[in-house]
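Q: Please take a close look with me at one part of this structure: its charged side chains. Where should I look, and how do they pair up?

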Amino acid sequence: MNPSFDASPFDITLSFADTRLAENQRWSTWQAVTPTERGPEPRPDWVVTSADAVDTELGILKTGKEADVFLIERAVPFARSQRSLLAAKRYRSAEHRSFHRSSIYTEGRRTQNTRDTRALAKKSAHGRAVAAAQWSFAEFEALCRMHELGAPVPYPVQVDGTEVLMEFIGHDGTAAPRLAQVRDGLDDCFAQVAEILRIFARAGLVHGDLSAYNLLVHEGRVVVIDLPQIVDLAANPQAWDLLHRDCVNVCEWFARRGVDADADELIAELVAESFG
């Protein structure tokens, strides 16, 4: 991630003269994915499902170690009520990403398709493609689960190969600031972050890479993002260490800014939550 990224507004005015698409446009991919690759129901009213919709790429929101995030408008031409802004997270192949700790997070995960399992082991071309798609599907499934549990995450619209389309958190094309950029209302932000961690713990899950750079603050609400590495407390032997690291990361960040945030107390509470 680039902490210095300044999320500036994008020009989101579109004009459709005919059905020919510009270089930065494509037909909506909603119809191309299966029902299991679409977000949970009931879907928000703003989700555009029309086969006539067009996806227009408006710019890049964020670059990262393993993926880039783009701003997309999905809209039906001449039907301005059917329009929404989305964040498209596109994972790179293994050759083009620098996410070196993946084995920590994938312990305990299983690949159901035996051909994919063999390809992953052999690191064949198909295996490398499977590995890239594993992260997008892992993030989509994590977003779906946490959304259904009531955690403040972007609504997951769909997953298609190595691309996850999700709710854009921001206003008029300007992305919400990361927690790292926020200076006011930090006591309330910490209370919200602690509750997010409780929701994860009650579900037996750990974010695994939580910091002030993957928490957004939008209209006073903290939203957690970047979930591909989410781990299961029961299945992953590294999970408790990751839980400890998450708590220390966020508590130390808040404590340096004058917030009463004790990592040991939070960890003890989350351990109790995880055991019901």
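**A close look at the charges**

A: Let's start at Asp264, which counts as exposed because its relative accessibility is 59% (exposed means over 50% relative accessible area, buried under 20%, and partly exposed in between, using a 1.4 Å probe and protein chains only). You will find Asp264 in helix 6 (helices are DSSP runs of H or I with at least four residues, strands are E runs of at least two, numbered from the N terminus). This is a predicted model, in which local features need pLDDT of at least 70 and side-chain atom pairs pLDDT 80 or more, while totals for chains, interfaces and linings use all residues. Residues are numbered from 1 along each chain as its sequence is written, and side-chain values use heavy atoms, without hydrogens and water.

Asp264 has company: together with Asp187, Asp188, Asp260, Asp262 and Glu265, Asp264 makes up a patch of negative charge on the surface. Helix 4 (186-202) and helix 6 (263-274) are the elements that each contribute two or more residues to this negative patch. (Patch members have over 30% relative accessible area and no salt bridge, with like charges joined within 9 Å; Asp and Glu count as negative, Lys and Arg as positive; a charge is placed at CG of Asp or CD of Glu.)

Now for charges that do find a partner. Side chains of opposite charge can pair when their charged atoms come close. In the whole structure, a search finds 15 salt bridges (a Lys or Arg side-chain nitrogen within 4 Å of an Asp or Glu carboxyl oxygen).

Take Arg26 and Asp55 as one example: in their salt bridge, the closest N and O atoms are 3.0 Å apart. Since Arg26 belongs to strand 1 and Asp55 to strand 2, this pair ties together parts that are 29 residues apart in sequence. Arg26 is partly exposed, because its relative accessible area is 24%, whereas Asp55 counts as buried at 1% relative accessibility.

Another salt bridge joins Arg90 and Glu163, with 2.8 Å between the closest N and O atoms. Arg90 sits in strand 4 (residues 79-91) and Glu163 in strand 6 (residues 163-167), so parts that are 73 residues apart in sequence are tied together by the pair. Here too you can compare the two partners: Arg90 counts as partly exposed at 22% relative accessibility, while Glu163 is buried, with a relative accessible area of 7%.

Next, go back to the two helices of the patch. Glu273 and Arg202 meet through their side chains in a salt bridge of 3.4 Å, N to O. Glu273 lies in helix 6 and Arg202 in helix 4, so the pair ties together parts that are 71 residues apart in sequence. Glu273 is partly exposed, with a relative accessible area of 23%, and Arg202 also counts as partly exposed, at 44% relative accessibility.

Finally, some of these pairs belong to something wider. Arg26, Asp55, Glu57, Arg74, Arg90 and Glu163 are joined into one network by salt bridges that share partners. As a backdrop to it all, the protein has 6 helices and 12 strands, and buried residues make up 51% of its 276 residues. One more acidic residue deserves a glance: Glu219, in the loop between strand 10 (215-218) and strand 11 (221-224). Glu219 is exposed, with a relative accessible area of 70%, and has a positive phi near 55 degrees although it is a residue other than glycine.

Definitions and conventions: Patch = residues over 30% accessible without salt bridge, like charges linked within 9 Å, V, L, I, M, F, W, Y side chains within 5 Å. Areas by Shrake-Rupley, 256 points an atom, 1.4 Å probe, with all protein chains shown as cover.
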